[in-house]
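Please walk me through this structure, starting from how its strands are arranged and ending with its aromatic rings.

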Amino acid sequence: MSRWRRQRGEGQMGCLVGIIFLLIGAFIAYKLIPVKVRAAELRQEIIDQAKSAGMRNDDKIMAAILRKAEDENLPVGKENVVIKRTANTIVIDVDYVVPVEFPGYKYNWSFSHHAENPIF
């Protein structure tokens with residue numbers, strides 16, 4: 001019982017380091033999560049365009065993808081979008097890089113979206 005009384009409970013430095021790591025993690029999440037959400041919105045638009053490819057031509061599909069990318073503030077241009085159509089399938093590939101700025105560091109986050117769907 002006496003050995004428990006001799007402990008002084010000096011854990012303030014560990015708590016401070018833990019809080020600093022928590023704040024760093026929260027800052028990184030604050031910077032990355034919005035980019036991931038915007039990329040997911042564009043990915044869903046690409047999938048939707050592939051599903052409705054039987055009713056739309058490639059120019060309309062390209063315009064819809066570029067409009068969504070502009071709405072989501074993503075750096076996607078015509079050179080980033082590849083649409084391949086065969087007799088019964090469509091393949092849409094979109095590759096782009098989003099720069100994410102951190103203090104003293106710039107992270108280039110690469111995204112590659114692929115949608116393949118039969119044309120009815």
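**Sheet, core and rings**

Strands β2 and β3 run antiparallel and are joined by 14 bridges. The model is a predicted one, and what follows describes its sheet, the helices on that sheet, the nonpolar core and the aromatic pairs.

Two residues of β2 show how the pairing with β3 works out along the strands. Val-94 has His-113 in β3 as its bridge partner, and Val-100 stands opposite Tyr-107 in β3. The two strands form a hairpin with two residues between them, and in this hairpin Gly-104 takes a positive phi near 80°.

On its other pairing, β2 meets β1. These two strands pair in the antiparallel sense over five bridges, and one residue pair to look at is Val-82 with its bridge partner Asp-93 in β2. β1 and β2 also form a hairpin, with three residues between them.

Put together, the three strands form an open sheet in the order β1-β2-β3, with antiparallel pairing. β1 and β3 are the edge strands, since each of them pairs on one side only. On average, neighbouring strands of the sheet are turned by 10° against each other, direction ignored.

Two helices pack on this sheet. α2 touches β2 and β3, and its direction makes about 165° with that of β2. α3 touches β1 and β2, and its direction makes about 150° with that of β1.

The next topic is the nonpolar core. In soluble globular proteins, nonpolar side chains tend to be buried together. Here the largest nonpolar core has 26 residues, and Val-76, Ile-92 and Tyr-96 touch the most other members. The elements that give two or more residues to this core are α2 (12–51), α3 (58–71), β1 (81–85), β2 (89–102) and β3 (105–118). The most comes from β2, which gives seven residues.

Val-76 is worth following in the 3D view. Leaving out residues up to four places away in sequence, Val-76 touches Leu-42, Leu-66, Ala-69, Val-81, Val-94 and Tyr-96. Val-94 has appeared already, as the bridge partner of His-113 in β3, and Tyr-96 is listed with Val-76 among the core residues that touch the most other members.

The last topic is the aromatic rings. A pair of aromatic rings is described by the distance of the centres and the angle of the planes. The structure holds four aromatic pairs. One of them is formed by Phe-27 and Phe-102, which are edge-to-face at 6.2 Å centre to centre, with 70° between the planes. This pair links distant parts of the chain: Phe-27 lies in helix α2 and Phe-102 in strand β2, 75 residues apart.

Are the two rings of this pair buried or exposed? Phe-27 has a relative accessible area of 35%, so this residue is partly exposed. Phe-102 counts as buried because its relative accessibility is 17%, and the cut-off for buried is under 20%.

Another pair is that of Trp-109 and Phe-111, which is tilted, with 4.8 Å centre to centre and 40° between the planes. Trp-109 is buried, with a relative accessible area of 18%. Phe-111 is buried too, with a relative accessible area of 7%. Trp-109 and Phe-111 also belong to one aromatic cluster together with Tyr-96 and Tyr-107. Of these cluster members, Tyr-107 is the residue that stands opposite Val-100, and Tyr-96 is one of the residues that Val-76 touches.

Definitions and conventions: Residues are numbered from 1 along each chain as its sequence is written. Side-chain values use heavy atoms; hydrogens and water are left out. A nonpolar core is a set of buried Ala, Val, Leu, Ile, Met, Phe, Trp, Tyr and Cys residues joined through side-chain atoms within 4.5 Å. Buried means under 20% relative accessible area, exposed over 50%, partly exposed in between (1.4 Å probe, protein chains only). Helices (H or I, at least four residues) and strands (E, at least two) are DSSP runs, numbered from the N terminus. Contact means heavy atoms within 4.5 Å. Two strands pair if DSSP finds at least two bridges between them. Axes are lines fitted to C-alpha atoms, for helices over the stretch in contact, and angles run from 0 to 180 degrees between N-to-C directions. Rings of Phe, Tyr and Trp (its six-membered ring) pair if their centres lie within 6.5 Å; planes under 30 degrees apart count as stacked, over 60 as edge-to-face and the rest as tilted.
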